[in-house]
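Biologist: I am new to this structure and would like to go through it with you step by step. Could you put it up, so that I can ask my questions with it in view?

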Amino acid sequence: MGQYFENEKLPSKVQKKEVIVCDEKFVFYTDNGVFSKDGLDFGSRLLIETIVSEDLGNHILDVGCGYGPLGIVLGKIKDIYVDMIDVNLRALHLAERNARENHFDMVHIFESDCYDEVKGKYTTIVTNPPIRAGKKIVYEIVMNAKDYLEQDGKLFLVIRKEQGAKSLISDMEKIYNVEVLERKKGFFIIKCTF
């Protein structure tokens, strides 16, 4: 079976998941072939709950958006515009459906392999990077984020300790000011500025 970052012809089995995040109810449709198809994963939830109180500016880019929980929840709660990108076409279709389902229309969802189709700059980039896509892709997302951030922009991400959090932090410190905002159950929530 393929990975969630690939476009495979897996049989579709759409599921409706209701979640409470930051005391608000959201509905997400998931499917086979997308990351965290059984509902909002712990890392994404921790990332949202940790950064929702941060100043995210006026335009977020959600890299590797999957079916959309990061961008939709943050955009709706913070009332700011969100661009959401992924390579997985099924995930993008679900993200569009989930934006409509949650009455969030300040969003632009499009296909992009990392930043290939990204043209603008953002006040904030958020990502739960696709670890299984490999270190090269994760590093491309994280290290190249600076090229798509406005001057005082911020990158927020979640990564698990056993997935290389410490070595990634060490490498990020070569180009960013790095702050670990939260550690919980082996997950690190990281803020990068430059």
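Biologist: Which residue in strand 6 is the bridge partner of Ile 60?

Modeller: Please keep in mind that this is a predicted model, so what I say comes from computed coordinates. Strand 3 and strand 6 run parallel to each other and are joined by four bridges. Within this pairing, the partner that strand 6 offers to Ile 60 is Thr 124.

Biologist: In what order do the seven strands of the open sheet stand?

Modeller: The sheet is open and its pairing is mixed. Parallel pairing is seen between strand 4 (residues 81-86) and strand 5, with five bridges, whereas strand 7 and strand 9 run antiparallel and are joined by six bridges. From one strand to the next the twist averages 15 degrees. Read across the sheet, the order is 5-4-3-6-7-9-8.

Biologist: Which strands stand at the edges of the sheet?

Modeller: A strand at an edge has a single partner strand, so one of its sides is left without a neighbour in the sheet. This holds for two strands, namely strand 5 (107-111) and strand 8 (177-184).

Biologist: Which residue in strand 7 is the bridge partner of Ile 125?

Modeller: Strand 6 (residues 122-127) pairs with strand 7 (residues 149-160) in the parallel sense, over five bridges. These two strands, together with helix 4 (residues 135-143), make a right-handed β-α-β unit. In strand 7, the residue that bridges to Ile 125 is Leu 155.

Biologist: And which residue in strand 9 stands opposite Phe 156?

Modeller: Here we look at the pairing of strand 7 with strand 9, which is antiparallel and has six bridges. Opposite Phe 156, in strand 9, stands Lys 191.

Biologist: Which helix joins strand 4 and strand 5 in a right-handed β-α-β unit?

Modeller: The two strands pair in the parallel sense, over five bridges, and one of the facing pairs places Ile 85 opposite Phe 110 in strand 5. The helix that completes the right-handed unit with them is helix 3.

Biologist: Is Ala 99 buried or exposed?

Modeller: Ala 99 lies in helix 3, and its C-alpha atom is 12 Å from that of Tyr 81, a residue 18 positions away along the chain. Arg 90, also found in helix 3 (residues 89-101), is partly exposed, with a relative accessible area of 22%. For Ala 99 the relative accessible area is 3%, and because this is under 20%, Ala 99 counts as buried.

Biologist: How are the rings of Phe 28 and Tyr 67 arranged, stacked, edge-to-face or tilted?

Modeller: The pair is one of five aromatic pairs in the structure. The ring centres of Phe 28 and Tyr 67 are 5.9 Å apart and the planes stand at 55 degrees, which lies between the limits of 30 and 60 degrees, so the pair is tilted. Phe 28 belongs to strand 2 (residues 24-30) and Tyr 67 to the loop between strand 3 (59-63) and helix 2 (69-78), so the pair ties together parts 39 residues apart in sequence. Both Phe 28 and Tyr 67 are buried, and the arrangement of their rings is tilted.

Biologist: Which residue forms one aromatic cluster with Phe 28 and Tyr 67?

Modeller: The pair of Phe 28 and Tyr 67 has its ring centres 5.9 Å apart. The cluster holds these two residues and one further aromatic residue, Phe 26.

Biologist: How many residues apart are Phe 42 and Phe 187?

Modeller: The rings of Phe 42 and Phe 187 have their centres 5.2 Å apart and their planes at 55 degrees, so this pair is tilted. Phe 42 is partly exposed at 29% relative accessibility, whereas Phe 187 is buried at 14%. Phe 42 lies in helix 1 (residues 42-51) and Phe 187 in strand 9 (residues 187-193), so that the pair links distant parts of the chain, and the separation in residues is 145.

Biologist: How many disulfides does the structure hold?

Modeller: The sulfur of Cys 22 is 19 Å from the closest cysteine sulfur, that of Cys 65, which is too far for a bond. Cys 192 is in no disulfide either, as the nearest cysteine sulfur, in Cys 114, is 16 Å away. The number of disulfides in the structure is zero.

Key. Residues numbered from 1 in each chain as written. Predicted model: local features only at pLDDT ≥ 70, side-chain atom pairs only at ≥ 80, totals over all residues. Heavy atoms only, no water. Buried < 20%, exposed > 50% of the residue type's maximum accessible area, 1.4 Å probe, protein only. Phe/Tyr/Trp six-rings, centres within 6.5 Å; stacked < 30°, edge-to-face > 60°. Disulfide = S-S within 2.5 Å. Pairing = 2+ DSSP bridges. Right-handed = clockwise from strand over helix to strand, strands pointing away. Axes fitted to C-alpha atoms, helices over the stretch in contact; angles between N-to-C directions.
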